[in-house]
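Here are my notes from going through this one. Have a look at it alongside the points below and see whether you read it the way I do.

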Amino acid sequence: MTTRRQTFRLYPNKTQENQLFVARRNHAYLYNACVAHRRYKWRANKKTVTYFEQQNCLPAFKKEWVEFADLHSQSLQATVKRVDLAYGGFFQGLRRLPKFKSIRNYSGWSYPAKSGWKVNSNGKHGSVTLNDLGITIKMRGKAKQWGIPTTLTIAYKPGRNQWFTSITVDIPTVECKFGSQSDLSYESIVAFDLGTQTAITLYDGEEFTELENPRFTQKSEQKIKRKSKALRRKVAPNRSKRIKGSRRWKKARKQISKLQRKVSNQRSNWQHKVTSDIASRYDIGVTEQLNTKGMTRKAKKGSKRKKQKAGLNKSILSVGFGALNKMIAYKIEQKGGLMLILPTKQIKPSQRCPECGVVHKHWAELSNRYHICDACGFEIPRDKGSVMVMYNVATKAQPGFGTSLEDCGCLSSTNLTRKRKHTGSMQQLGQMKRQKSCRKSDGISETPSVYTAG
Ligand SMILES: [Zn+2]
């Protein structure tokens, strides 16, 4: 089973929208109450409050504050869990200390399991029923793939004044048509490389295809710059001086966010078109492992090429390398194809000659756009050369030491997404709960909770 997230736009009527706003406000209050609880306990006796302690408070909390009794208990737990996740990230040094959240920016809430809600849809439009609010809201949108809905999240976008629902669905995994590496059929195999000047370079054994990089950001950047300058001239809100943002300031800010939204929509539209086209034509995709984080790192201090690096970073981010790779991978795998991710450091596609396999160190420099091999005299533009090497590796035709598929190991798309540090999901919580109840039944007393101390 694979899990996919599908987003639909909600169209609540006036009374429904008011109910949604009330629920959102209550969830924001609960979030802030949990943050306050943790802060208070820490200040009072240097104790960290755990998720379970807060979760066990919920029934009493609901008795005191009756408006929470109507909300679904699991969705309240999910909000408490959000606080726990935020603190978990803080303890691991991944983010700053969680702050109180303003109701204005609070996004929404979620139902972490299958109860309390229902989706009436077959992947296109339909409606969603929230049992705790007792409402059925119309929704519009089309899912690329539809399956069994498992979780539901309601989100509000304040800038747009729009409501969305994001549904995770379980989809049966499509079996890979290619069993082992030895019986790869080479009929429709494509090697591709992502670059900044040509966004994608493809090679399918016969011809090269180069896809131009659409510079959406560059085009709209000037517009955004001009508008930002106009925004700076308007009266901005200042909390400490108790100045409210002017009406013109609000208007200008809206225009900027609209432009930025347009750019991001253009980008994702282009990405989906291109990747769907590639995935529909080929069964096996070959590419190299990317290190976008290192690629887009800021130029070293005092570096002469600071501006150049900044420009490069911008165009890398403008195309969205990581997203493109992932899209091609999941689209190919969804139809039963195979994705090979070659280890860059081992293969060195951009330094290796596709003809004789000799590695040239000076080819690595980005300014070297055209490569001529000293050993065999083979000439090829840089990007085309590296896709050719990757294609040859996949078809086992690349000369050179340690470049066969067996040597580098066939990597699948799971290697594309680098493992992130996890701060504990709902699933892991369930496991912890089970462990706890086991310990209790063994007769071993638990450590006294914070409440007896405080
Ligand atoms: Zn050569």
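**Notes on the model**

1. I'll start with a core position: I284 has a relative accessible area of 0%, so it counts as buried. This isoleucine sits in strand β11, which runs over residues 284-288. Its C-alpha is 7.3 Å from that of I332, although I284 and I332 are 48 residues apart in sequence. Bear in mind that all of this comes from a predicted model.

2. Now the overall picture. I count 13 helices and 14 strands in the protein. The chain has 454 residues, and 40% of them count as buried. If you take the contacts between residues at least 6 apart in sequence, 67% join residues at least 24 apart. The accessible surface is about 27,100 Å², with 51% of that belonging to carbon and sulfur atoms.

3. The metal site is worth a look. Four cysteines coordinate the zinc ion through their SG atoms, namely C353, C356, C373 and C376, at 2.2 to 2.3 Å. Why call the arrangement tetrahedral? The four donor atoms subtend angles of 108 to 112° around the zinc ion, and that is inside the 85 to 135 degrees required of all angles, so the label holds. Along the chain the donors are spaced C-x2-C-x16-C-x2-C. One pair, C356 and C376, links distant parts of the chain: C356 lies in the loop between α9 (344-347) and β13 (370-372), whereas C376 lies in the loop between β13 and β14 (379-381), 20 residues apart.

4. Are those two cysteines buried or exposed? They fall in between: C356 counts as partly exposed because its relative accessibility is 25%, and C376 counts as partly exposed at 38%. For reference, buried means under 20% and exposed means over 50%.

5. On to helix α1, residues 14-45. Its 32 residues should span 46 Å at 1.5 Å a residue, and the end C-alpha atoms are 47 Å apart, so the two values agree. Just after α1 comes K46, with a positive phi of about 50°.

6. Helix α10 (residues 382-394) makes a good companion case. Its 13 residues reach 19 Å from first C-alpha to last, close to the 18 Å expected at 1.5 Å a residue. How many of the residues in α10 are buried? The count is 12 of 13, which leaves the helix mostly covered. Among the buried ones are R382, D383, N392 and Y391, along with V387, M388, V389 and M390. After α10 you'll find K396, whose phi is positive, near 60°.

7. S75 caught my eye in helix α3 (residues 73-91). With 0% relative accessibility, this serine counts as buried. A polar atom of the S75 side chain lies 2.8 Å from the backbone oxygen of H72. Leaving out residues up to four places away in sequence, S75 touches H27, W109, S110, Y111, P112 and D132.

8. Last one: Q54, found in helix α2 (residues 51-64). The relative accessible area of Q54 is 4%, so this glutamine is buried too. What does Q54 touch, not counting residues up to four places away in sequence? The partners are C34, H37, R38, V49 and V80.

Technical notes
Residues numbered from 1 in each chain as written. Predicted model: local features only at pLDDT ≥ 70, side-chain atom pairs only at ≥ 80, totals over all residues. Heavy atoms only, no water. Donors = N, O, S within 2.8 Å, 3.2 Å for Na, K, Ca; no water. Tetrahedral: all angles 85-135°; square planar, octahedral: opposite > 155°, others 65-115°. Helix = DSSP H or I, 4+ residues; strand = E, 2+ residues; numbered from the N terminus. Buried < 20%, exposed > 50% of the residue type's maximum accessible area, 1.4 Å probe, protein only. Contact = heavy atoms within 4.5 Å. Areas by Shrake-Rupley, 256 points an atom, 1.4 Å probe, with all protein chains shown as cover. Expected span 1.5 Å × (residues − 1). Polar contact = N/O pair within 3.5 Å; in protein donor to acceptor, adjacent residues only side chain to side chain.
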